[in-house]
Amino acid sequence: MTTATSGRTRLSGVVGTAHTRVEGRDKVTGAARYAGEIPFADLAHGWLVLSTVARGRVRAVETDPVLAMPGVLAVLHHGNAPRLVTDYAGLMGMTPDPTAAVFQQDRVPHVGWPVALVVAETPEQAREAAEALVVAYDEEPHDTELTADHPDAHPAGGVMPAETGKGDLAAGLAASAAVVDAEYTTPEEHHSMMEPHAATALWDGGRLEVVDSNQGTTWIQGELASMFSLDASAVRVRSEHIGGGFGSKGLRAHQVAAVMAATELQRPVRVVMTRRQMFSLAGYRSPTTQRVRLGSDPDGRLLALEHRSLSRTSSVYEFVEPSAGVARVMYDADAHYTANHVVPLDVPSPTFMRAPGEAPGSFAIESALDELAERLGVDPVELRLRNEPEVGPVSGLPFSTRNLDACFREGARRFGWAGRDPRPGVRRDGRWLLGTGTAAASFHSGAGPSTATVTAQADGTFTVRISAADIGTGARTALTLVAADALEVAPDRVRVRIGDSDFGPAMIAGGSMGTRSWAWAVTEAAGELRERLALGVTVPPEGITVRSDTTAALGTLAQKERHSFGAQFAEVAVDTATGEVRVRRMLGIFAAGRIVNPLTARNQLVGGMVWGISMALHEEAVRDRTSGGLYAPDLAGYHVATNADVGDVQADWVDDLDPDDPVGIKGVGEIGVVGAAAAVANAVRHATGVRHRHLPIRPDRVLSAASAGGGAADA
Amino acid sequence: MAPAPSSTSSAVTLNINGEKHQLTVDHRTTLLDALRERLDLTGTKKGCDQGQCGACTVLVDGRRAVSCLNLAVAAEGREITTIEGMAEGDRLHPVQQAFLDLDGYQCGYCTPGQICSAIAVIEEHAAGWPSAATDDVRPEAGPPPLTPDEIRERMSGNLCRCGAYVSIVQAVTRAAEAHEAAAQNEDAPVESVKEAAA
Amino acid sequence: MREFGYQRADDVSGAVALLAADPDARFLGGGTNLVDLMKTGVERPARLVDVRELPLDTIEETADGGLRVGATVTNSDLAAHPGVRRRYPALTQAVLAGASGQLRNMATVGGNLLQRTRCGYFTDLSRPCNKRAPGSGCSAVTGEHHNHAILGATDHCVATHPSDMGVALAAFDAVVGYETLDGPGELPLADFYLPVGDTPHRETALPPGALITGVTLPPAPVAARSRYRKVRERASYAFAIGSVAAALDIEDGVVREARLALGAVASRPWRAHAAEAVLTGAPADGDTFAAAADAELAAVRPLPDNGYKVTLMRNLAVAVLTELAEEAAR
């Protein structure tokens, strides 16, 4: 292993020192193989066929002409596919999204619904046959539009209570010296990780093997076993290298279709989503319409707070983008109301996407706080410091640690916030107006039950096995450092193997909980192994293995508000003649628990902030009202930030140790994106005087605002 | 008049990383799919298959190109260099080493394309090519210094959804400096950026 | 993508003959647009005639101070050429503003002129599109069109031409040379693209089966002081929502000669003759520049969601002309 800093010895500990990725050499040489890249003899290729109508029924699938095409082996569809079990409780107790349980019904609930799988000898043959497959539909009128007053809107909780409330809102607002009442919207956003979803399924000696790209191998193992009525031990899922996930790489149509086809044909079948298919099959972040009402005393202390968010889901699966949850952690007021509502529409099912709820929710509430600060003439940093709660505003529970004030003070110092002229539109650099903005960030910190084994080998090395997933987080490297410290050995004596369901149940890479959950299990097993070895035992040829399971330990954790926090700062340049906005620099200071590997953690935090830039300025999937499908669903039509969009972006952290965690970890996966878009939007306001409440802040919006109100209007 | 029947596949010889590969390709097969599906060179990644992400970047006759919009049959006679051809045995190419040392990636999927692109960017810059970030493109203005803004613009054909752009720019900067130092001092023991298969 | 034949052409006449032999054949240049359209199913050729190896890859400086650019010259080589950078800097800037380094290494000058619109309905086979399926209707007029045309469009099609290079070529009076079975021919770029009318699927005036052999840039001393600026929805690697190529020759504060062309506003690169008429002979100041832009934009016909482009193009034209005037004053 190459160390980027000094070659510290084990005695002082390697957790907290910078280490390059243990699989880094494989990644820079192209040797790292991702899911679609493992060779199999006799491999057949499946190509999904998606519906072109938004609502209706499949009347006919004309398979005969396609089956006669060169190389075509099979066409699976609702008329011939095996029946699946779909009423089991999967992840977090939810039944699976029917989008993944392919070919079980003739109903079409949205454009891009999987209606068939064509399997052929080569990818070229499969693609041509899939394109040639004629599917006839009985079409019905559809409704894909999210409107604030939609009659089907209803409260929906998802992972949290749908609504919370205390106090008298009307009285609080009436008693306030300043009130903000505004609506904010965020558009449909897509994960767009670089590696498309890919899975190869095959039967090997009576066992189903699936080589996949996912965020949790035992999760997918469990889902597939339930769906195909198999014993979990008869299913093995591997996922060694994952080209990004961001919440999208769970159970999806490609895995299920691949298993069906492999079972049908009794040979290995690979199904890879095309980039365009990902825009309807891979999940996405729902658009949101959010209303925020804030009232405060003259000093900015909140007296009333209301945050209501409306998102949409599909007609077949309820997923809630819980944007109104942010204030339940961030800000208190005597009158405090939050509500998440959802509307089922004829659209694909949304899902978790990096900082679900917090990303769009923080845009709304952190913009509203900026509006309040301006109205009161209070500095935006100071306003937030004055509203630091002692305990959870809704739960009343103590915070494990918070340290948001330290983030703001350190961030303000390093960013050069002091002396900022609050007047908008007064700083200029050539054709560019300059402005700065800030916002706060929080994201839940948790841990899920995990098992791990650590084996002492006779040659003095150690092997850790855990079904963790490294989706780019650096988990493999972090766990190597954690294990090395727990074993009190140098990290080059530790080999961490992940991404194999045979290693036993473990938390998924999700909710910023992966590294904390896995590190806990690895620490327990490694610690016990070290103690046993300390007794002077001789390691036999088969090694000594210790297994851990954190389920019991997690159950004893005290109830607390556990979150990462952060302060975001942005400087933007805006050309109001052309509408162009550039983020010149950003600084994020985070209180995110113990940082296991500063090299990779910083990268991940910065990456989250880049997501915030992208969310603020670029990302928007446009749904065509007539067809109900997306307009230009590809990476030229759906813009994510390019290298040129990202200026000087820095992330750092303050000391923040969670005393209840054996390693002190909180999680850095999602916090970076939270508040980042608001900081950019607040900076645009400062630069131009225009408040943008609708993302993304496109050139046409900047232009229209500038020409409508000469800089004074809001957009 | 009906067109003469034409064959839809061809026997070709592809020159990849200095090695000749003979195979028969369906004309529909892209260079990217030929590498990945036929030659087991899976270091070249398929991100979009439409020329919109840069993950499949390789060098063709020493110049960077997206292999997803190159047909394999049309690549005959050209020298293809993929990520697998960049290291000298165990010794990484300086650009690869810089990406590794400075963490110029996260998930790693765009990385081979980023590295191939970066190697070409350094060559393009050394050849005096301006970019969209160059203020004055007239030859009298001389070659632009390889500032972070120049690198950002030149590397923008390679999307990184993990958002590792900051460390990518640092890695390209470091490798370019090493390249320049090597070019200025031929006696220096620093290995120069490998001739981009030219 | 359906199966197709492939042949590599050795010479220009052979290429033209190969194409003529098969009505469903297409020329393959860099492939950056055609191969993509084949993947989406918009193009389904029966045969590709690969013209990349044709000896049309040189740039010659003509004795009169112009340039002759071969059709298979890549965008990269065009942009990097010292003669282009010296005589027509806006052309270099326009090319460099397009696509990415990888795509510019592949894309050819001939192919760039023939690239198809990036309208999302054009590439969505499940939606009506008069350009792709004549008579099926235009989905953009009532659908998503915030980046569609404001000039020269009709109810039949509101798509824009995506080329950056073409905008600079339009400003500099480029002439397109081609070869057919009946011999060579030429088309000024001004006549190269057909009006949209009710036949948006007919895009160019090239005779059927013609192969573009090159582009000639007549001498234009005014082009030595020229600029291209492009506005897009991210900083790089995106198509324009508006662009301007401009050149100014100013003497004693008066515009002696002006060139102006607009991009991403029409089905073709839009040469702004009305603006040039206002500029020529007028004081080189902001009032003139604004009046020139207004003169050109008097003919706009915006849709409900792309009216901002009128403001954008006015501002952008004035900004670029102002920059050129300031440069001239230095």
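**Sheet, helix packing and contacts across chains A, B and C**

In strand E10 of chain C, Ser243(C) is the bridge partner of Lys230(C). That pair comes from a predicted model, and so does everything else described here. Zooming out a little, E9(C) and strand E10 (residues 240–251) of chain C run antiparallel and are joined by seven bridges. Both belong to an open sheet of four strands in chain C, ordered E9-E10-E11-E12, with antiparallel pairing. Strand E9 (226–232) and strand E12 (270–271) of chain C sit at the edges with a single partner strand each, so one side of each has no neighbour in the sheet.

Two helices pack on this sheet. Helix H5 (residues 89–96) of chain C touches E9 and E10 of chain C, and the direction of H5(C) makes about 20 degrees with that of E9(C). Helix H12 (residues 308–329) of chain C touches E9, E10 and strand E11 (254–263) of chain C. Here the reference strand is E10(C), and the direction of H12(C) makes about 35 degrees with that of E10(C).

Chain C also meets chain B, where 37 residues of chain B are in contact with 35 residues of chain C. On the chain B side, strand E4 (63–66), helix H3 (111–126) and helix H4 (148–154) each chip in with at least two residues. Sorted by class, that side of chain B has 15 nonpolar, 14 polar and eight charged residues.

Helix H3 of chain B turns up again inside its own chain. H3(B) packs with helix H5 (residues 165–184) of chain B at an angle of about 40 degrees, and the axes are 10 Å apart. The two helices H3(B) and H5(B) are therefore oblique to each other, and their crossing is right-handed. From H3(B), Gln114(B), Ala118(B), Val121(B) and Ile122(B) meet Ile168(B), Val172(B), Ala175(B), Ala176(B) and His179(B) of H5(B). Class by class, this contact of H3(B) with H5(B) comes out at seven nonpolar and two polar residues, with no charged ones.

Over in chain A, another helix pair has a right-handed crossing, that of H9(A) and H16(A). Helix H9 (residues 358–376) and helix H16 (residues 676–688) of chain A pack at about 35 degrees, with 8 Å between their axes. Ser362(A), Phe363(A), Glu366(A), Ser367(A) and Asp370(A) make the contact from H9(A), and Ala677(A), Ala678(A), Ala681(A), Asn682(A) and Arg685(A) make the contact from H16(A). The class split for H9(A) with H16(A) is four nonpolar, three polar and three charged residues.

At the domain level, chain A is divided into domain 1 (10–32 + 448–554) and domain 2 (357–364 + 373–447 + 557–715). The C-alpha centres of domain 1 and domain 2 of chain A lie 34 Å apart. Their contact draws on 23 residues from domain 1 of chain A and 24 residues from domain 2 of chain A. On the domain 1 side, the elements giving two or more residues are helix H12 (475–487) and helix H13 (514–534) of chain A, and H13(A) supplies the largest share of that side with six residues. As for class, the side of domain 1 of chain A that touches domain 2 has nine nonpolar, twelve polar and two charged residues.

Methods:
Residues numbered from 1 in each chain as written. Chains lettered and ligands numbered in written order. Predicted model: local features only at pLDDT ≥ 70, side-chain atom pairs only at ≥ 80, totals over all residues. Axes fitted to C-alpha atoms, helices over the stretch in contact; angles between N-to-C directions. Left-handed = near helix turned anticlockwise from the far one by under 90°. Contact = placed C-beta atoms within 7 Å. Nonpolar A, V, L, I, M, F, W, Y, C, P; charged D, E, K, R; others polar. Domains from an automatic or database assignment. Pairing = 2+ DSSP bridges. Parallel < 35°, antiparallel > 145°, perpendicular 65-115°, else oblique.
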